[in-house]
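I opened my notebook to look up how aromatic rings are placed in this structure, both beside one another and beside charged groups. My entries follow in the order in which I looked.

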Amino acid sequence: LFFFPPDAPRPDTTMAALATPVSLGAFPKSALGTRRAGARRSRVSPRVRAAVETAPAADPLEDVKVGAAKLAIKLLPGEGGLKAIAGVLPSKYKNTFLGLIDSYKAQMLKATNGDEARASTALTSIFKDMMTAYAGQIIGTPYEFPSHHICIREPFDYYQMANAYIGSLVEFDRSILRYPERWTAIQQALDRGENVVLMGNHQSEGDAAFIPLLTEVSHPGLGESITYVAGDRVVTDLLCKPFSMGKNLLCVHSKKHMDDDPALKSAKMKQNLNTVKAMQRLLKQGGICIWIAPAGGRDRRSPDGTITPDKFDPAAIEMLRKLGTKKGAAKTHYYPLAMATYDIMPPPVAKEKSIGEERIVNFTGAGLSLGEELDVDPATASWAQGLPEDADLTQALADHLWEKVNEEYKAIEACNVPGGGAVPLPEGAVRPVRPPSVPTF
């Protein structure tokens, strides 16, 4: 999770003990928004904008230039206009974005049963919003993510932009929300000022949107309140950044990317330490829900076409266990969470180090399955009983958690097959309702 090389100056012993080397992957990621009925008032305003957003621009004409660009985007004439303005993107993103336009249009045709007019309207509306967000990053001062980023909802609503883009790709009639009563228990725990840590697999760039999308109607406000542990790519890749700006994030630099630019290594280490401190502060404060992918990246499809959740890094799980059970932290609950989201925004076949991967999308179902609350105390947990005296308890917990996630994943994976036909509801599951945040075209 956080990387301190052997020759680096160490923080104080308490923080150093927590800063165990773990590699976390990338994902775009949740937001604070409307407060659900009966919920405690958040100590941080959901409308707060990071300081870098409000700092004076280096170019006195920057606001004028960005404003002009946004006006031009608003006046774009349909799909042709989108493709024309895509030409202003940096070269490493231009072809990717043009390909994404074509892929998204094809899926909107499926979503609208071949209605060309509706598909074109959906594409144009959604992508104009995206281009508006990109304009601020390309022409204006690029946003820099702090260690603890709070979602940005105004003057531009990045959270809603992501819901419209990703939600329009979700085939809700084939989607699955398993064990909604466990989401209710999480909601109630947060309302009491307790913490929740969700640990599970990670499959697509859009994973931070699926909890909000699939629980918006059944558990209003819950998905918006989640904070995601986010890696390098989602805060540096131009095509990811606006989506990340609409989520609550704890930003880290994984050890596998720490040495990509030696000149930035010291700053990355400093931000990682600040993130550890922010996470500890939030857990002490209470009422926080944190999502983390202990595998360190997205699952990948095997050569035989099957998908299995990637194995978890024990150190990532141990980090959250230590922080959540540390003296002074509010009571913390741990849950295994399986996601079946792979084919909505499938990752590249091979893991790529460079920024600017190809993007393709599919219109299909998505699934969430929340396992039973997990006891992380080896003294009382069933998974720790009967182990040899010299057993690695950290590894044993990671193995147990992975088994639970894999078990839940198998129950929902069928919903994520594009064009797969009807999907029966597994035991304990409901069909999530298409939420109001996903526009109808």
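I began with charges over rings, and in this predicted model I found the charged end of Lys 311 over the ring of Trp 402, 3.5 Å from the ring centre. I then noted a second case, in which the charged end of Arg 182 sits over the ring of Tyr 179, at 3.7 Å from its centre.

Next I turned to rings beside rings, and I noted 9 aromatic pairs in the structure. One of them is Phe 97 with Phe 127, whose ring centres are 5.6 Å apart; I wrote this pair down as tilted because the planes meet at 55°, which does not reach the range over 60 degrees that counts as edge-to-face. The two residues are 30 apart in the chain, with Phe 97 in helix α5 (residues 91-111) and Phe 127 in helix α6 (residues 116-138), so I recorded a link between distant parts of the chain.

I also asked myself whether these two residues are buried or exposed. Phe 97 counts as buried because its relative accessibility is 0%, and Phe 127 is buried as well, with a value of 0%.

Staying with Phe 97, I looked up its pairing with Tyr 134, where the centres lie 5.8 Å apart and the planes stand at 85°, so I entered the pair as edge-to-face. This pair, too, links distant parts of the chain, since Phe 97 in helix α5 and Tyr 134 in helix α6 are 37 residues apart. Tyr 134 is buried, with a relative accessible area of 1%.

My last entry is that Phe 97, Phe 127 and Tyr 134 belong to one aromatic cluster, which also includes Tyr 104, Tyr 165 and Phe 243.

How values were computed
Residues numbered from 1 in each chain as written. Predicted model: local features only at pLDDT ≥ 70, side-chain atom pairs only at ≥ 80, totals over all residues. Heavy atoms only, no water. Phe/Tyr/Trp six-rings, centres within 6.5 Å; stacked < 30°, edge-to-face > 60°. Helix = DSSP H or I, 4+ residues; strand = E, 2+ residues; numbered from the N terminus. Buried < 20%, exposed > 50% of the residue type's maximum accessible area, 1.4 Å probe, protein only. Lys NZ or Arg CZ within 6 Å of the ring centre and 35° of its normal.
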